[in-house]
Amino acid sequence: MRIGKDLVAAAATPVVLGILAEGESYGYAILQRITELSGGELEWSDGMLYPLLHRLERLGHVDSEWRQSPGGRPRKHYRLSEQGASTLAEHRRQWSTIGGVLDQIWPDAPDNRRPRLALGLD
Amino acid sequence: MTTEQSPALDELIASWRAWIERRDALSLCDVDELESHLRDRVEALTTAGLTDDEAFLIAVKRLGSMDELSREYAAEHSGRLWKQLVLHDSSDIEGADAANGTMPFVRRANGLVVALLLGVGAGIAVKATELLTDDPELVFRNIAVLVLPFLAAWFAWRRRPPVGTLLGVAAAFAVAALALNFYPFDGGSSTVTVATQNSATAVLATIGSIVGLWLVTGIVDAGGVWRSDRTRMDFLRFSGEWLVYYVLIAIVGGALSGLTIAVFASIQVDVTPFIGEWVLPCGAAGAVLVSAWLVGAKQHVIENIAPVLTKVFTPLFTLMMLALIVASVMQWNLVDGSRDLLIAFDLVLVVVVALLVYSISARDPAAPPGWFDRLQVLMLAAALVVDIIVLVAMIARTGEFGFSANKTASLGLNLILLANLAWATWLQIGFVRRRVPFGRVESWQTGYLPVYLGWAAILVFAFPPIFAFA
């Protein structure tokens with residue numbers, strides 16, 4: 001199964017902010033985490049993450065800082081800002097509403113536990 | 001294996017970087033970040049057992065299409081697609097010493113501080129002369145001698161020409177100043193007053209001194225190698241851009257002055273005398289230096305604008321002259337034109353030469369002749385025809401008008417420009433027919449510069465005595 005482009009685009013911001021809510025991270029690790037969480041089903045081309053991160057930074061949702069990787073290479077780390085945390089909460093409310101609606105429309109979907117989890121409805 | 005990168009991988013990544021850095025939408029920091037990502041991905045893949053180049057190919061592929069990616073970056077950083085004139089040091093063309101941060105204060109931002117100081121100097125020179133002599137006529141006549149030394153100083157500071165060149169240029173300024181101030185120009189015989197000057201030869205000498213000393217200043221800009229085609233062409237490019245910036249500054253300055261006057265008038269304070277007597281002369285002199293600084297500062301940032309204007313106006317100007325030919329043939333009344341006809345046609349020819357020179361200045365010498373070059377042939381031919389009609393008419397009636405200083409000067413300029421355009425037309429036709437290399441078209445124009453200098457010198461030094469300072 002591949003998730004549609006529009007849905008990926010809509011989910012990207014809350015997913016990235018949510019991962020950064022777990023602690024600061026950098027581009028490659030964020031992508032790894034997304035792959036891990038979605039079992040490889042939520043994916044986009046690697047490069048596209050970076051313009052998104054820059055947009056979140058410009059809007060003030062994340063802060064960034066250049067650090068050294070353990071291997072000694074420079075790496076840009078991103079951290080959720082306070083404003084980002086409240087944006088994430090707002091996103092969560094919106095997605096919960098949508099998830100709730102879908103749950104009621106599809107009451108006996110075969111696998112309605114996992115989306116509920118992913119949408120934070122448990 | 002995981003932390004140690006093989007030289008082959010470094011080479012692959014270096015060539016990938018070179019390819020990606022060409023995109024305007026990505027800054028160097030973005031490329032650094034993407035490279036960091038690429039290396040993480042390669043590292044993970046090689047740990048899983050792939051070789052470096054396999055891992056590299058997969059990692060690049062997974063970054064996605066570069067076109068789409070740079071579109072995303074461009075959408076996020078739209079400002080990057082508009083080149084900005086940045087005043088900090090990274091834009092400095094002498095980037096070598098800018099990079100290590102040891103650049104002295106005065107060299108920062110392309111020497112803005114020096115340009116501003118010299119601009120203030122030029123303004124003070126003009127204003128102080130006016131206050132000391134209380135003679136606006138004298139200030140107008142000496143305007144080139146007062147302002148252009150500061151421009152020459154600016155060039156001298158930037159180019160460091162040999163001392164001999166500087167001495168020669170200083171001597172030229174001194175001689176011009178002596179002629180302009182010690183010739184006994186006639187004060188009141190003429191009834192026509194132009195630019196506060198009563199004497200026609202004084203006006204001509206002023207114009208000659210501006211043109212001549214501007215070209216002399218160019219010798220400083222050339223750093224002494226003024227015989228070279230390339231440095232001459234560079235000075236022509238500078239002059240065109242300088243004029244564009246000067247006009248822009250003048251328009252904005254004028255609008256701002258008008259606004260200032262209006263705002264102060266609304267609170268019953270009349271600042272018109274202050275603007276007219278202080279801001280205008282000092283600003284006009286200072287803007288000479290600011291424009292010169294701008295040309296240097298934006299050289300690598302913004303496309304030259306004079307050639308763009310040339311492209312726009314060459315077709316229109318050609319049409320105008322063709323219409324003029326048709327009209328004059330239909331009516332045959334150019335002959336009855338006023339005495340100012342010759343001066344008007346000097347201006348037409350100056351515009352034609354400028355259109356030609358600035359399109360040459362921006363043309364790729366290696367490009368084959370195209371439609372624009374053919375259009376220029378038409379423009380040159382039309383200009384020649386129009387000018388010959390005028391010249392024949394005017395010379396036929398010399399007896400009636402006589403040889404005044406003005407008429408002789410404009411006739412001389414007309415002949416100089418006509419000679420230039422006649423040979424330029426010949427070369428241009430040869431170039432369009434691929435008989436003449438582009439270099440000769442170019443070197444004809446740069447080689448002609450001393451002729452203008454010579455005529456300017458004649459206007460300053462020879463005309464006043466010949467025409468009895470009238």
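The following exercises, with worked solutions, concern a predicted model with chains A and B.

**Exercise 1.** Determine how many residues each chain gives to the contact of chain A with chain B, and which helices of chain B take part.

*Solution.* Step one is the count: chain A contributes 15 residues and chain B contributes 17 residues. Step two assigns the chain B side to helices: helix 2 (28–47), helix 3 (52–63) and helix 4 (66–76) of chain B each supply at least two residues. Of these, helix 2 of chain B gives the most, with nine residues. Step three sorts the chain B side by class, which yields nine charged, four polar and four nonpolar residues.

**Exercise 2.** Establish whether the length of helix 8 of chain B agrees with its residue count, and whether this helix is covered.

*Solution.* Helix 8 of chain B comprises 17 residues (143–159), so at 1.5 Å a residue it should span 24 Å. Its end C-alpha atoms lie 24 Å apart, in agreement with that expectation. As to burial, 13 of the 17 residues are buried, and helix 8 of chain B is thus mostly covered. Just after this helix, Arg160(B) adopts a positive phi of about 50°.

**Exercise 3.** Describe how helix 2 and helix 3 of chain A pack.

*Solution.* The axes of helix 2 (residues 27–38) and helix 3 (residues 49–58) of chain A come within 11 Å and cross at roughly 110°. Angles of 65 to 115 degrees count as roughly perpendicular, so helix 2 of chain A is roughly perpendicular to helix 3 of chain A. Helix 2 of chain A makes the contact through Gly27(A), Ile30(A) and Leu31(A), and helix 3 of chain A through Leu49(A), Tyr50(A) and Leu53(A). By class, this contact has five nonpolar residues, one polar residue and no charged residues.

Key
Residues numbered from 1 in each chain as written. Chains lettered and ligands numbered in written order. Predicted model: local features only at pLDDT ≥ 70, side-chain atom pairs only at ≥ 80, totals over all residues. Contact = placed C-beta atoms within 7 Å. Helix = DSSP H or I, 4+ residues; strand = E, 2+ residues; numbered from the N terminus. Nonpolar A, V, L, I, M, F, W, Y, C, P; charged D, E, K, R; others polar. Expected span 1.5 Å × (residues − 1). Buried ≥ 20, exposed ≤ 12 C-beta atoms within 10 Å, placed from the backbone. Axes fitted to C-alpha atoms, helices over the stretch in contact; angles between N-to-C directions. Parallel < 35°, antiparallel > 145°, perpendicular 65-115°, else oblique.
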